[in-house]
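Visitor: I am new here and would like to learn how the words used for a protein model are justified. Could you take me through them?
Guide: Gladly; here is the model to look at.

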Amino acid sequence: MKNHLRRLWVDNRGYFLAACLLFLGGGLIGYFQAPAVESMVNELLGQLKEIANRINESGGSVFATFWTIFSNNVVSALMMMALGLFFAFFPIIGLVANGILLGFILTKATGVSPWMMLGAGILPHGIFELPAVLFAAGIGIRLGVLSFRSVGVLIQPHKADRLKNDWYDTLKQFPAAVLTVIALLFVAAIVESSITPLILHGIIGDQMKLNLMK
């Protein structure tokens, strides 16, 4: 098991790093170009409002919050993985958009340091959720690269055997990658629904005034 996970990481760490850079780039755009991206972010915030409404409609309990967050994150992550087949377009756009959203949110936290907001409101569950999302996107990017190479082999047929092996290795690892992502998102949803709210209330409390859900 340990060797399988290590091989999974070694084979995909380059794509994971690429996903990190795309997310970071989106975060910098959202933070330093907030006015320029505000209209786009408002659409993304609309999706967050829908999630918040679903939690409220289901009673707002810790379990309802956990399940809503977990199911939403799993669907999003699996879509980034599977839809990477279409030349990695979906995971790349998803990473940049989520980075922009995070950067934008940090600029809108008034009365509290953005770093405290990041540490208290995002980091507790983010240490599980972000690696899961970035890894899922990395798998999607890997599939996208293979799709590009599949087109390229039409003019370079001598690379067909190597490409075939790479497809085999990637698809062989895909179930383990999915289970790894789901396990990380499961832990993240537990923390986000039960621990993060307590930390936010205890550390930030009434200082936090977000102008996001107007």
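Visitor: Why is Thr170 called buried?
Guide: Buried means under 20% relative accessible area, exposed means over 50%, and partly exposed is in between, using a 1.4 Å probe and protein chains only. Thr170 has 4% relative accessibility, so this residue counts as buried. Thr170 sits in helix 6, residues 160-194. Leaving aside neighbours within four places in sequence, Thr170 is in contact (heavy atoms within 4.5 Å) with Arg142, Leu143 and Leu146.

Visitor: What should I know about the model itself?
Guide: This is a predicted model, in which local features need pLDDT of at least 70 and side-chain atom pairs count only at pLDDT 80 or more, while totals for chains, interfaces and linings use all residues. Residues are numbered from 1 along each chain as its sequence is written, and side-chain values use heavy atoms, with hydrogens and water left out.

Visitor: What makes a stretch a helix or a strand, and how many of each are in the chain?
Guide: Both are DSSP runs numbered from the N terminus: a helix is H or I over at least four residues, and a strand is E over at least two. On that basis the chain has seven helices and two strands. Their order along the sequence is α-α-α-α-β-α-α-α-β.

Visitor: How do you know whether the radius of gyration agrees with a compact globule or not?
Guide: The radius is taken over C-alpha atoms, and the globule rule is 2.2 Å times the number of residues to the power 0.38. For 214 residues the rule gives a value near 17 Å; the chain has 19 Å, so the two agree. The C-alpha trace spans about 65 × 40 × 30 Å along its principal axes.

Visitor: How much of the chain counts as buried?
Guide: By the cut-off for buried residues, 38% of the 214 residues qualify. As for what is exposed, the chain shows about 12,300 Å², with 68% supplied by carbon and sulfur atoms. Those areas come from the Shrake-Rupley method with a 1.4 Å probe; for residues, only the protein chains shown count as cover.

Visitor: Is Asn12 buried or exposed, and how do you know?
Guide: Asn12 has 1% relative accessibility, so Asn12 counts as buried. This residue lies in helix 1, residues 2-32. Not counting residues up to four places away in sequence, Asn12 touches Phe135, Ile139, Arg142 and Gln173.

Visitor: What makes the pairing of Asn12 with Leu8 a polar contact?
Guide: A polar contact is a pair of N or O atoms within 3.5 Å; within protein, one must be able to donate a hydrogen and the other to accept it, and residues adjacent in sequence count only if both atoms are side-chain atoms. A polar atom of the Asn12 side chain lies 2.7 Å from the backbone oxygen of Leu8, so the pair fits.

Visitor: Why is Ser61 called partly exposed?
Guide: Its relative accessible area is 35%, so Ser61 belongs in the partly exposed class. Ser61 is in the loop between helix 2 (34-57) and helix 3 (62-82). The side chain of Ser61 reaches the backbone nitrogen of Ala64 at 3.1 Å, while the backbone oxygen of Ser61 lies 2.8 Å from a polar atom of the Thr65 side chain.

Visitor: And Thr65, why is that residue called buried?
Guide: Thr65, with 14% relative accessibility, counts as buried because its value is under the cut-off. Thr65 lies in helix 3. Beyond residues up to four places away in sequence, Thr65 touches Ile55, Gly60 and Ser193.

Visitor: What makes the phi of Phe87 worth pointing out?
Guide: Most residues other than glycine have a negative phi. Phe87 is not a glycine, yet its phi is positive, near 60°. Ala88 also is not a glycine and has a positive phi of about 65°. Phe87 is in the loop between helix 3 and helix 4 (89-107), and Ala88 is found in the loop between helix 3 and helix 4. Phe87, at 38% relative accessible area, is partly exposed, whereas Ala88, at 4%, counts as buried.

Visitor: How do you know whether Trp115 is buried or exposed?
Guide: Trp115 has 67% relative accessibility, so Trp115 counts as exposed. Trp115 lies in helix 5, residues 114-152.
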